[in-house]
Amino acid sequence: MDRILIRGGHPLHGDIQISGAKNAALPLMVACLLTDEPLHLSNIPHLVDTAQMATLLAQLGVDISMTGSGEEEAAAGRMITLSVRDIRRTTAPYDIVRKMRASFLVTGPLLARCGKARVSLPGGCAIGARPVDLHLHAFEALGAQITLEDGYVLAEAPRGLKGGRIAFPFVSVGATENALMAAVLADGETVIENAAREPEIGDLIKCLMAMGAHIEGAGTSILRVQGRDRLHGATHAVLPDRIETGTYAMAPAVAGGRLTLRRTDPQLIGALIPVLEAVGVSVELGDGEVTVSSDGHPLRAVDIQTEPYPGFPTDLQAQLMALLATAQGKSHIRETIFENRFMHVPELIRMGADVTVDGDKAVITGVKRLKGAPVMATDLRASMCLVLAGLGAEGETVVNRVYHLDRGFERIEEKLGQCGAEIVRVRGDVAR
Ligand code: UD1
C-alpha cells in the first residue's frame, strides 16, 4: 500500500491550481441518468472516487468517454461525456456502494427514470453511522414504496413519481441531491424544505436547469421543483473544490510561507477566512484566487464549531486541528455534523499534539512544534490533517493508508512539492 513521506519544516512558496470539486462532480456524473442525451462535464477531478463512480455508471449502461489526459489538460481538469440511451440495470451492487457512499445518489435518478432502483446500503468513510433514512423519506414523499431486503434498498414507483412536500428534519447534502434528482422528473410540483445550501447543491441545480429542469430557490433552504416529462443533454463545468482550497489555504499557517491558490472562488471558503485571520495569517482575495501568507509569528488559538453551509465545514475540521495543534493557548472545536469525526486525534497526539476529546468537543492546547512520526490515515479528511501536520513538524512523517487521500485529493505530492514541500509517495511494493 502506498505511503506519503514528508520531511517537515520547509516554508511553502508558489501557486497551486485548485481542481474541480469531488463532492460536486459525483452527483453531476449521476445526473446523466436523467436523460437519454449526452451530458458533457468539464473540470472533473482525477480521483479514485470519480473513477469508482464511472465504474458504477458503466454497469448501469452509461457510455463514458474522456478527454484531457495530457499534462496541460490534466491541470485544467478532465472533460467527460456521459450518455445513456437505455438504462441496462437498475441495481447498484454492494461491491461498489460500500466503497463510496455517494453511489447511493443513483437511487433518485433510477427511480425517476425507470420507476425502480435496487441499491445496496452504503459504506464510505468510517466517520459515524451515516444512515440513509432521509433519502428514503424523500422518495416516499414522492410516492415511492421502499422495502429493505438483504442489505439492499428496493425503491419502486411503477406508475411514476408524484410531486410532493419533502420536509427534512435536519440538513443533509446527499438527501437533498437525491430528492432533487428524483423530483425533476416527477409529475407536478415538489417542495423541498430545509434543503442543504452547500455550493455543490447550487452546482447540481445549475446543471439540472441546463438540462431543462425547472427549479426555484437555488442557494436557499426551500427548493421548488416543477417536474418535467424529460430532460435533455447539456454542458457544464464543475465548480472549484472548496475543501481543497481551504486545506491548502491552511498550509502556510502550518508550514510558513505564502501560497496563491488559483482557479478557485474565495467565496467558497467564506467561513474559513475569518478563522485564518484570527489565528494570525494574512489572506488576500483576488478574482478567482486567494493568497495566504504567514509572517512567522506564533499562531493564536480559536474556537469553532462545524455547521452546514454557510457555517464552518466539517470537511475542514481535521485540517484545522492540525493547524491549532501549534497555536498559542487553548482552542476548542465542536463537531456537530458527524458523531465520530475525531479519529485523527490519536494520530496527532502521536506527533506530540495536546488534544483531549469529550464527546463532540475537542480541546487543543498548542505546543511549540509537532514531531514527525509514522501515522495512519483513517478517513479522507483525516489523512489531509496528517499531511498538513507533517509539513509543519520537525523530522519525518510517514502517512500510511494513502488510499483515503487518493479518493479526494488530486496529485497532492506534485501540488505541494512544486511549492517547496519535501513530500514523496512511496509505492507499496518498494521496501524502505
Ligand atoms: C456530504 C459530503 C461529505 C460532507 C457531508 C457534510 C459528498 C459526496 N459528501 O456527505 O464530504 O462531510 O456532506 O457536509 O458530497 N444523515 C442521516 N440520515 C440520512 C442522511 C444523513 O442521519 O439519510 C446524517 C449523517 O449521518 C450526518 C448528517 O446527516 O450526521 C449530514 O450528512 P450528509 O449531509 O447527508 O452528508 P453526505 O451527503 O453523506
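Hi everyone. Let's start right at the ligand: one of its oxygen atoms sits 2.7 Å from a backbone N or O atom of Leu-134. Before I go on, please keep in mind that this is a predicted model.

Leu-134 has company. A polar backbone atom of Gly-174 is 2.8 Å from an oxygen atom of the ligand. Then there is Asp-315, where an N or O atom of the side chain comes to 2.6 Å from a ligand oxygen. How much of the ligand's own accessible area does the protein cover? The answer is 87% of 740 Å².

Now let's widen the view to the residues around the ligand. There are 19 of them, and the ones that come nearest are Asp-133, Leu-134, Ser-172, Asp-315 and Ile-337. By type, the shell splits into eight nonpolar, six charged and five polar residues. If you'd like to find the shell on the screen, look for helix 6, residues 133–141, and helix 7, residues 173–183, since each of these supplies at least two of its residues. Which helix gives the most? That is helix 6, with three residues.

From the ligand, let's move to charges within the protein. Side chains of opposite charge can pair when their charged atoms come close. This structure holds 26 salt bridges, and I have picked out a few for you.

Arg-7 is a nice place to begin. Its side chain meets that of Glu-396 in a salt bridge, at 3.0 Å from N to O. Arg-7 belongs to strand 1, residues 3–7, while Glu-396 belongs to strand 25, residues 396–400, so this pair links parts that are 389 residues apart in sequence. As for accessibility, Arg-7 is partly exposed at 39%, and Glu-396 is partly exposed at 28%.

Arg-7 also forms a salt bridge with Glu-422, where the closest N and O atoms are 3.1 Å apart. Glu-422 lies in strand 26, residues 422–426, and Arg-7 in strand 1, so here the parts tied together are 415 residues apart in sequence. Glu-422 has a relative accessible area of 33%, which makes this residue partly exposed.

Staying with strand 26, let me show you Arg-425. Arg-425 pairs with Glu-413 in a salt bridge, with 2.8 Å between the closest N and O atoms. Glu-413 is in helix 15, residues 412–417, and Arg-425 is in strand 26, so this pair connects parts that are twelve residues apart in sequence. Both residues are also members of a network: through shared partners, salt bridges join Asp-2, Asp-406, Glu-413, Arg-425 and Arg-427.

Next, the cysteines. How many disulfides does the structure hold? Zero. Take Cys-32, which is in no disulfide; the nearest cysteine sulfur belongs to Cys-207, 9.8 Å away. Since a disulfide needs the two sulfur atoms within 2.5 Å, the 9.8 Å between Cys-207 and Cys-32 is too far for a bond. Are these two buried or exposed? Cys-32 is buried, at 0% relative accessible area, and Cys-207 is buried too, at 1%.

While we're talking about buried parts, have a look at helix 11, residues 317–324. Eight of its eight residues are buried, so the helix is largely enclosed by the rest of the structure. Among those buried residues are Gln-317, Gln-319, Leu-320 and Met-321. Val-290, in strand 17, residues 289–294, is another buried residue, with 0% relative accessibility.

To finish, some backbone details. In the loop between strand 19, residues 303–305, and helix 11, you'll find Pro-310. The peptide bond joining Tyr-309 and Pro-310 is cis, with omega about 10°.

Then there are two arginines to point out. Arg-401 is not a glycine, yet has a positive phi of about 60°. Arg-401 sits in the loop between strand 25 and helix 14, residues 403–408, and is partly exposed at 33% relative accessibility. Arg-411, also not a glycine, has a positive phi of about 50°. You'll find Arg-411 in the loop between helix 14 and helix 15, and at 28% relative accessibility this residue counts as partly exposed.

That's my tour. Thanks for listening!

Conventions:
Residues numbered from 1 in each chain as written. Predicted model: local features only at pLDDT ≥ 70, side-chain atom pairs only at ≥ 80, totals over all residues. Heavy atoms only, no water. Buried < 20%, exposed > 50% of the residue type's maximum accessible area, 1.4 Å probe, protein only. Near = heavy atom within 4 Å. Polar contact = N/O pair within 3.5 Å; in protein donor to acceptor, adjacent residues only side chain to side chain. Areas by Shrake-Rupley, 256 points an atom, 1.4 Å probe, with all protein chains shown as cover. Helix = DSSP H or I, 4+ residues; strand = E, 2+ residues; numbered from the N terminus. Nonpolar A, V, L, I, M, F, W, Y, C, P; charged D, E, K, R; others polar. Salt bridge = Lys/Arg side-chain N within 4 Å of Asp/Glu carboxyl O.
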